[in-house]
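Let's take a friendly walk through this model, starting with how the protein meets the DNA and ending with its charged pairs.

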Number of protein chains: 2
Amino acid sequence: MNIGEAARASGVSAKMIRYYEQSGLIPKAGRTTAGYRDYSATDVHMLRFVRRSRDLGFTMAEIEDLLQLWRDRSRQSADVKRIALARIADLRRRIQEMEDMAATLEHLASCCSGDNRPDCPILADLEQGELAKPRRSRGAIDRSP
Amino acid sequence: MNIGEAARASGVSAKMIRYYEQSGLIPKAGRTTAGYRDYSATDVHMLRFVRRSRDLGFTMAEIEDLLQLWRDRSRQSADVKRIALARIADLRRRIQEMEDMAATLEHLASCCSGDNRPDCPILADLEQGELAKPRRSRGAIDRSP
DNA sequence: GTGGGGCTTCCAGTCGTTGGAAGGTCAAGG
DNA sequence: CCTTGACCTTCCAACGACTGGAAGCCCCAC
């Protein structure tokens, strides 16, 4: 099975498969005599594992750990659960930050007449609103299309 | 006022001020004879505007629009409100995606005994769980420290 | 044997920031 | 006056997780 077929079967693009291989997340695939990468059903299974993990928001580093645990028959479910709980806590924190932003914006928008006059409480807030203090994580957002 | 003072007064780092200037978000600052950037109180005001906007999750492109509206005395508040509402909708969408991830993970974690046995429903799901279909935005997350 | 699609590698760009190196400037103290 | 140290300047690179493209080889159907 070449990389294109593996990509279609796993839902991971060929580009990403090569990238994951190059960055060491997944082992190097075998090659045909022509130099094409060759994938087995097990490899596709692993790729689907990676894909699903990304869909659930795990980082590359976390997926690396999860893959090791997946392959390790003597693993402890506590190890996996720990990673999942950390991910949940992170999600909850980010959700809260975004909720705070949304609430502030909704309040401002509800105070804005939204007509053809220039007076705007949104701009007034941006002009003078208090700044978030700690600034360790600004709650910056993935703005991919 | 040099860039360091402007940074402290606005809450935007000197690095970011230079970056914003270079990328055209803010106008080029005047220079002293020695070549140092020179900032007025108005400039600091503008930098605080940018900082606050970033804190509220606006994109650079949106901030550019907001800055123009801020400077435009004949603006219409509807224009500002439109940008804010778009931002809110985007936030709500992202929050929902992350809520879905968190709910799935919480369900999986609650089914996981988390002990020293290898049986783990989290790994079982990653192995076989259904993939998110549309995949236009994967809900990838900013994982800045 | 030829066309078109798939495969290979490598390089660059995305976004918002942060870090560092190399060198010029300023103000205070000796 | 000279040194020290804090500040400024520019430029270059990296982060994460991809995505796109160019140049060139390979495979299969016609």
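A polar contact here is a pair of N or O atoms within 3.5 Å. With that cut-off in hand, one example from this predicted model is B:Arg54, where a polar side-chain atom lies 3.4 Å from a phosphate oxygen of DNA strand C.

**Around DNA strand C**

B:Arg54 is not alone at this strand. DNA strand C is surrounded by 19 residues, and the closest are A:Asn2, A:Gly4, A:Arg37, B:Lys15 and B:Tyr20. Sugar or phosphate makes up 67% of the atoms of DNA strand C within 4 Å of the protein, and bases make up the rest. One contact that reaches a base involves A:Tyr36: an N or O atom in its side chain is 2.9 Å from a base nitrogen of DNA strand C. For B:Met60, a backbone N or O atom lies 3.5 Å from a phosphate oxygen of DNA strand C. Two or more residues of the surface near this strand come from each of α1 (3–10) of chain A and α2 (14–22) of chain B. The biggest contributor is α2(B), with four residues. Sorted by class, the surface near DNA strand C holds eight nonpolar, four polar and seven charged residues.

**Around DNA strand D**

Now for the other strand. Here, too, 19 residues surround DNA strand D, the closest being A:Lys15, A:Met16, A:Met60, B:Gly4 and B:Arg37. Of the atoms of DNA strand D that come within 4 Å of the protein, 72% are sugar and phosphate. The phosphate contacts include a polar backbone atom of B:Gly4 at 2.5 Å from a phosphate oxygen of DNA strand D. A polar backbone atom of B:Arg37 is 2.7 Å from a phosphate oxygen of that strand, while B:Arg18 uses a polar side-chain atom, 2.9 Å from a phosphate oxygen.

Which elements each supply at least two residues of the surface near DNA strand D? They are α2 (14–22) of chain A and α1 (3–10) of chain B. The largest share, four residues, comes from α2(A). Eight nonpolar, four polar and seven charged residues form the surface near DNA strand D.

**The helical span and the charged pairs**

Away from the DNA contacts, the unreviewed UniProt entry annotates residues 81–108 of chain A as "coiled-coil region". In the model this span is 100% helix and 0% strand, and its end C-alpha atoms lie 40 Å apart.

Over all chains, the count comes to 24 salt bridges. Three of them are set out here.

| Salt bridge | Closest N to O distance |
|---|---|
| B:Glu99 and A:Arg92 | 3.0 Å |
| B:Arg92 and A:Glu106 | 3.0 Å |
| A:Asp115 and A:Arg117 | 2.4 Å |

The pair of B:Glu99 and A:Arg92 crosses between chains, from helix α5 (residues 77–111) of chain B to helix α5 (residues 77–111) of chain A. B:Glu99 is partly exposed, at 26% relative accessible area, and A:Arg92 is partly exposed at 31%. B:Arg92 lies in helix α5 of chain B and A:Glu106 in helix α5 of chain A, so this pair joins two chains as well. B:Arg92 counts as partly exposed at 32% relative accessibility, and A:Glu106 does so at 33%.

In the pair A:Asp115 and A:Arg117, A:Asp115 is partly exposed with a relative accessible area of 22%, and A:Arg117 is partly exposed with 45%. Salt bridges that share partners also link A:Glu62, A:Arg87, A:Asp90, A:Arg93, A:Arg94 and A:Glu97 into one network.

Note on methods. Residues numbered from 1 in each chain as written. Chains lettered and ligands numbered in written order. Predicted model: local features only at pLDDT ≥ 70, side-chain atom pairs only at ≥ 80, totals over all residues. Heavy atoms only, no water. Near = heavy atom within 4 Å. Polar contact = N/O pair within 3.5 Å; in protein donor to acceptor, adjacent residues only side chain to side chain. Nonpolar A, V, L, I, M, F, W, Y, C, P; charged D, E, K, R; others polar. UniProt positions renumbered as here; feature names shortened; annotations may be inferred. Salt bridge = Lys/Arg side-chain N within 4 Å of Asp/Glu carboxyl O. Buried < 20%, exposed > 50% of the residue type's maximum accessible area, 1.4 Å probe, protein only.
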